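Ready for a few warm-up exercises? Have a look at the structure first, then try each task before you read its solution.

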Amino acid sequence: MSTLLGWGFVAALAALPLLFPDPYLLAVLTSAGIFIIGAISLNLLLGYTGQLSLGHVAFFGLGAYASALATLGFDIAIGFGWRLVVAPQPVWLGFLAAIVVAGGFGWLLGRLAFRVRGAYFVIITVCFAQVLRMVALNWVELTQGPMALISIPPFSLWWPGEGWIALYRKDQNYWLVLAVAVLAFLLVRQVVRSRIGRALVALRANEPLARSVGIRVTHYLVVAAVISAGIAGAAGSLFAHYVRIVDPDVFLFIYTVTMVIMVVTGGKGTLWGPVVGGLVFGLMPDLLRGTAPPEAQWIIYGTAMILFVMFLPRGIVPALVRRPS
Amino acid sequence: MMNRRTLLLAGLAMPALSRAGFAADPIRIGMTQPLTGAVAASGNYVANGAKIAAEVLNASGGVLGRPVELILEDNKSNPREAVAAAEKLVLRDKVPVLIGAWSSTFTLAIMPKLMEYKVPMIVETSSAARITTSGNPWVFRIAPTSEMEAVAFAELLGKFTPAIRKIGFLSVNNDFGRGATEKFWAALGAKGIAIGRTETMTPEATDLAAQITALKQSDADTVFLTTGVEQQTLALRQAVEQRLGKRIVTTGGSFPDQLLANPLPPGNTSFHILFYAPWFPERAPHPRIAERYTAEWNRKGWEFAGLTEGFRGYDAMLTVAEALKAAGKPEAEAIRQALWTVKLAGVNGDISFAKEGPAGQESGQNRPNVSVVTLSEGKTGLL
Amino acid sequence: MDQALQHLVNGTVLGGTYALLGIGLTLVFGVMRVVNFTHGELYAFGAYMTYAAVSLLGLDFYLSLALATLLGMALGAAIEFLLLRPMRRADIDSTMLVMIGAALVLQNGEMWAWGGVAKLIPNPFPGTPLVVGPVSVLPLRLFVLVVSIALLLGFWLLLDRTRIGMAMRATFQDPETAALMGVRINWVNSATFAIGSGLAAAAGALLGPVFMVSPTMGDLVGLKAFAIVILGGLGSLPGATIGGFALGFVEEFAGGFVSTEYRDAFGFLLIILILALKPQGLVPAKERIG
C-alpha cells in the first residue's frame with residue numbers, strides 16, 4: 001500500500017471527530033484502536049517470526065496493571081518486615097513503566113519459551129497469561145484482586161499554552177490512541193525493514209539454513225519478543241487510563257484470541273493486515289449490538305477465523321493488494 | 001480502496017446520526033445486569049423484576065403520560081463490560097437514569113462514569129460500604145449495606161437454638177464477600193460472639209472441598225456463607241458431602257432455589273438472610289404491593305424462587321418512576337434532585353434516601369427490611 | 001492427619017477426571033499433531049447433554065451418561081471430518097487457529113442454546129456421604145472415581161489389544177511409517193478424535209452432576225487440561241495419567257494446607273517450576289515434535 005494512501009487514511013481518521021462528533025462512535029473507535037495496537041504488536045511475533053504466541057494478552061494486561069499501579073501508587077509487604085511504597089506518579093511515567101515491565105516480561109518469556117517450539121511454545125504462552133491472571137486475582141494487596149483497580153486517572157498531556165491537561169473528552173482520547181497506533185505502526189515497519197526484520201524472515205523461511213549462515217536465532221527472536229511485548233504494554237496502558245478500571249479478566253484468553261483473529265483475517269506478516277482486520281473485528285461488536293445477542297458476535301468471530309484459515313489463509317490485505325496486478 | 005473506506009465510515013456514522021434525530025416517545029430507563037457469566041442467575045432475576053415493573057407501570061398509564069421503556073444491557077459478570085454497558089446506555093441510548101449493576105465490583109466500576117456523564121444510578125443489589133461513602137452524588141442505593149444486614153441479623157440472634165456462640169466465614173473473594181465478612185464480624189463480635197476461621201473462594205471456583213474441610217476443623221458452630229446463588233448451591237451441597245456439621249447462614253439476599261427441587265438430605269437445615277420472602281407475601285410490609293409483584297411474576301411462569309431477588313429490579317423501577325413523576329421531566333439532573341424527595345412503598349418496604357458520605361457530595365442510602373428464611377428438605381419457613 | 005486423609009480422597013476423585021481430560025488431549029496431539037482447543041468445550045458439551053437427557057427428556061441417569069459420551073464422540077467425529085481432515089496438510093499453527101475458532105463457536109452456541117444460568121443435574125445417589133473413619137465421600141463422587149478408572153483401563157485395553165489401538169500407537173510413534181505400513185490415516189484420525197472427544201465429554205458428564213453445568217465451565221477445565229499435558233510431558237500417555245492425578249493432589253493439598261485462595265493457581269505455578277527445571281515434563285515422551 002502506498003505511503004501517500006496510508007497518510008491520507010490517517011488524516012481521514014484524524015478529521016473524523018470534527019466531522020462526526022458523536023461520542024459513542026468515538027468511544028467505539030477508541031476501544032477498537034487500542035486493540036488494533038495490540039494486534040500490530042502481535043503481528044510482529046505471529047506474522048514475522050512465525051511464532052504463534054497465544055499469551056499475548058499477558059503483555060497487554062501487564063502494561064495495564066503497571067501503568068495503573070504506578071499512577072495510583074501502592075504499598076505492599078515484600079517480606080522480612082520490609083515494605084515497598086510507591087507514591088502516585090504522573091501518567092506518562094506510568095505509560096513508560098507499562099512499556100518497560102511488559103518488555104521485560106517479553107524478554108523473560110522469550111528466553112524461557114524459545115527453548116521449546118511448536119505446540120509446546122503455544123501451550124506455555126497460554127499458561128503464562130493464565131498464571132498472571134491468577135496472580136492478579138489473588139495478590140489482593142497489590143492488585144485489589146477481583147475488586148479491580150478503580151478510579152485510575154485519565155491520560156494527561158502537556159500542551160503548549162495549556163500546561164498539563166487531563167484527557168477526559170472522547171475526542172482527545174481518540175486522537176491519543178490514533179497517535180500511538182501510528183507510532184506503533186511506524187516502529188514495526190522500521191523493525192521489519194531493518195536487519196532484524198530480514199533475519200526474522202530468513203528464520204521463518206528456513207531456520208536451519210538461517211542458523212548455518214550465522215544468524216543468531218535466539219537473539220533476534222528475543223529482540224522481536226521484547227519490542228512486541230513493549231508495544232502491547234503501551235496499548236495496555238492506554239486501555240487502563242481510558243477505561244479507568246483494570247481487573248484480572250484483562251488477562252483472559254479471549255482477548256488474545258481477539259487479537260489473533262484481527263491479525264489472521266487482516267493478513268499476518270503484512271503491515272496493514274492488523275489494521276484492516278482490527279477495524280473489521282473491532283467495530284463488528286458494536287454494529288451487531290442490538291441486532292444480535294453477544295453470543296452471536298462470538299459465533300461470527302469463530303466462524304470467520306475458521307473460514308479465513310481454511311480458504312484465505314493469507315488474509316484480506318494480500319488478497320486486495322494482489323488483485324490490481 | 002478509498003471507496004471501501006468511505007463506505008465503511010459512512011456505514012458507521014449513519015446509525016449514530018439517525019438515532020440522534022429520533023426523539024423517542026417512551027421514557028428510556030437504562031439497566032445493566034450480569035445476564036451471562038458467573039453470577040448470571042441473580043442478574044436475570046433482577047432484570048425480570050424490572051421488566052414486570054415496566055409492564056405494571058405501563059398498564060396503569062405510564063409515567064408523565066408516556067410509556068417507560070426498559071433498556072437492558074448485559075455486563076457479562078465483568079466490571080469492564082459493566083463500564084462498556086453503562087457507556088452504551090448513556091451515550092447511545094441517551095437514558096437519563098440507570099439501574100445497576102448487581103455486584104459491588106461492577107457498581108464501583110461504573111461510578112466514575114456517573115460523575116463524568118452526570119447521570120444518576122439506582123443501586124439495587126450491591127452491598128459494599130464504599131459505594132455510598134466515597135462521595136459520589138449520583139448514587140442512590142435501595143439495597144442494604146452489609147453493615148445494615150449484619151446489624152439487623154444481630155437483633156435476631158435470640159431466635160436461634162442452640163444459640164450461636166462462635167462463627168466462621170466462607171466468602172467469595174470480592175467486595176461483596178469481604179465486606180460481609182468484615183461487617184458480620186464486627187456486628188456479631190459486638191454481641192460477644194467468638195470469631196473463628198475465614199475461608200475465601202474465587203467467584204468461578206466449583207470445587208470447594210478444600211475450604212470446607214478447613215472450616216470443618218474449626219470449632220465454630222455457625223458458618224456465614226457469602227457469594228452468588230450458584231456458588232451458594234455448590235457450597236451447601238458440598239458442606240453435606242464433607243460433613244461440615246455446622247449451621248450455615250447465607251447472607252446477601254440470594255436464595256439457592258435449585259435446592260427446592262433437588263433438596264439436601266433430611267436433617268440439613270440452612271438459614272438464608274433475605275430481603276423479600278416470596279412464600280409469605282402477606283407478611284411483607286406492604287402486602288398488596290408484594291402480592292401484585294408476586295402474581296405478575298408467577299403469571300410469567302418464571303422460577304418461583306427468583307422472586308427473592310427479582311424484587312430488587314421491581315423496586316428500583318418503582319423508585320425511578322416516582323422520581324420521574326417528582327422531577328416532571330426525564331432529565332438526569334432533575335431526576336437526581338427528585339430522588340432526594342421520593343417516598344414510596346415497595347415490595348421490600350418503604351423506600352426513601354438518607355444522605356451518606358462526605359458533605360456536599362452525599363450519596364443516597366435507603367434502609368431496607370431483612371428477614372431470615374429457613375430451608376429444610378426443600379421446604380421453607382420464616383424464622 | 002484426619003484432614004490429610006480427607007484431602008487424599010478428594011484429590012484422588014479430582015485426579016481421576018483430570019486424567020481422563022489429559023489423556024484425551026494427549027491422544028489427539030500424539031496421533032494427529034493437533035492441539036485441541038475444543039477439548040474444554042467438549043467437556044461442557046458432555047455435561048449439557050447429560051442435563052438435557054436427565055432433566056428435559058427424563059431419561060435414566062446411567063443411560064444419559066452413556067448417551068452424552070456417545071454424542072461427544074459423534075461431535076468429535078464431525079469436527080474431525082469437517083475441520084481437521086481438510087487441514088491435514090496444513091501446519092500445526094493453522095489447525096490450532098481453526099480449533100480456537102471451533103471452540104468459540106461451540107461455547108457461544110452453548111450459551112445461546114442454554115442461557116447463562118447454571119443448571120443442577122439430579123442424580124439417583126443419596127445425598128448423605130459414606131463415612132469411613134475420619135473420611136467422608138459422597139456416593140456420587142465414588143461412582144465418578146470408579147467410572148473414571150474403568151474408562152482409563154478400558155482406554156488402555158483398547159490401545160493395547162485392538163487393531164485400531166495398534167494403528168493409533170503406530171501413528172503416535174511415526175505417522176509416515178505407519179502410513180507406509182498400510183495404516184488408514186483417515187480412519188485412525190477419525191477414531192482418535194472421536195475417542196479423545198468422548199473422554200472429554202465423559203469427564204463433563206461425570207462431573208456435571210457433582211458440580212453445576214454452565215456454558216463457561218469448559219474454560220478453566222480446558223486450560224487445566226493443557227496444564228496436565230505439560231506436567232506429564234506433551235505427547236506421553238502415562239505422563240498425562242500421572243499429570244492428572246498430580247494436579248488433583250497438588251490442588252487439594254496446597255489448597256487445604258497452604259492457601260485456598262491460590263487453589264487454582266498452584267497447578268499453573270507448578271508448570272512454571274517444571275518448565276524452569278525440567279522442560280520435558282515429568283515423563284518425557286520418546287518422540288516429540290518441535
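A residue counts as buried if 20 or more other C-beta atoms lie within 10 Å of its own, exposed if 12 or fewer, and partly exposed in between, with C-beta atoms placed from the backbone. This is a predicted model, where local features need pLDDT of at least 70, side-chain atom pairs count only at pLDDT 80 or more, and totals for chains, interfaces and linings use all residues. Residues are numbered from 1 along each chain as its sequence is written, while chains are lettered from A and ligands numbered from 1 in the order in which they are written.

**Exercise 1.** Work out what span helix α3 (residues 57–72) of chain A should have.

Solution. Helices (H or I, at least four residues) and strands (E, at least two) are DSSP runs, numbered from the N terminus. The expected span is 1.5 Å times one less than the number of residues. For the 16 residues of α3(A) that gives 22 Å, and the end C-alpha atoms are 22 Å apart, so the two agree. Next, look around the helix: 15 of its 16 residues are buried, so α3(A) is largely enclosed by the rest of the structure. Just after α3(A), A:G73 takes a positive phi of about 80°.

**Exercise 2.** Find the partners of B:G30 in β2(B) and in β3(B).

Solution. Start with the strand pairs; two strands pair if DSSP finds at least two bridges between them. Strand β1 (residues 27–33) of chain B runs parallel to β2 (residues 68–74), with seven bridges. There, B:G30 has B:I71 as its bridge partner. β1(B) is also parallel to β3 (residues 98–100), over two bridges, and here B:G30 is partnered by B:L98. Now step across: β3(B) and β4 (residues 121–123) are parallel too, joined by three bridges, and B:L98 sits opposite B:M121. As for cover, six of the seven residues of β1(B) are buried.

**Exercise 3.** Put the strands of the open sheet in chain B in order, and say why one side of β2 and of β13 is left without a neighbour.

Solution. The seven strands go β2-β1-β3-β4-β5-β14-β13, with mixed pairing. β2 and β13 (354–356) of chain B are at the edges and each has a single partner strand, so one side of each has no neighbour in the sheet.

**Exercise 4.** How many residues does each chain bring to the contact between chains C and A?

Solution. Residues are in contact if their C-beta atoms, placed from the backbone, lie within 7 Å. Chain C brings 37 residues and chain A brings 32. On the chain C side, α4(C) gives the most, with 15 residues.

Key:
Two residues are in contact if their C-beta atoms, placed from the backbone, lie within 7 Å.
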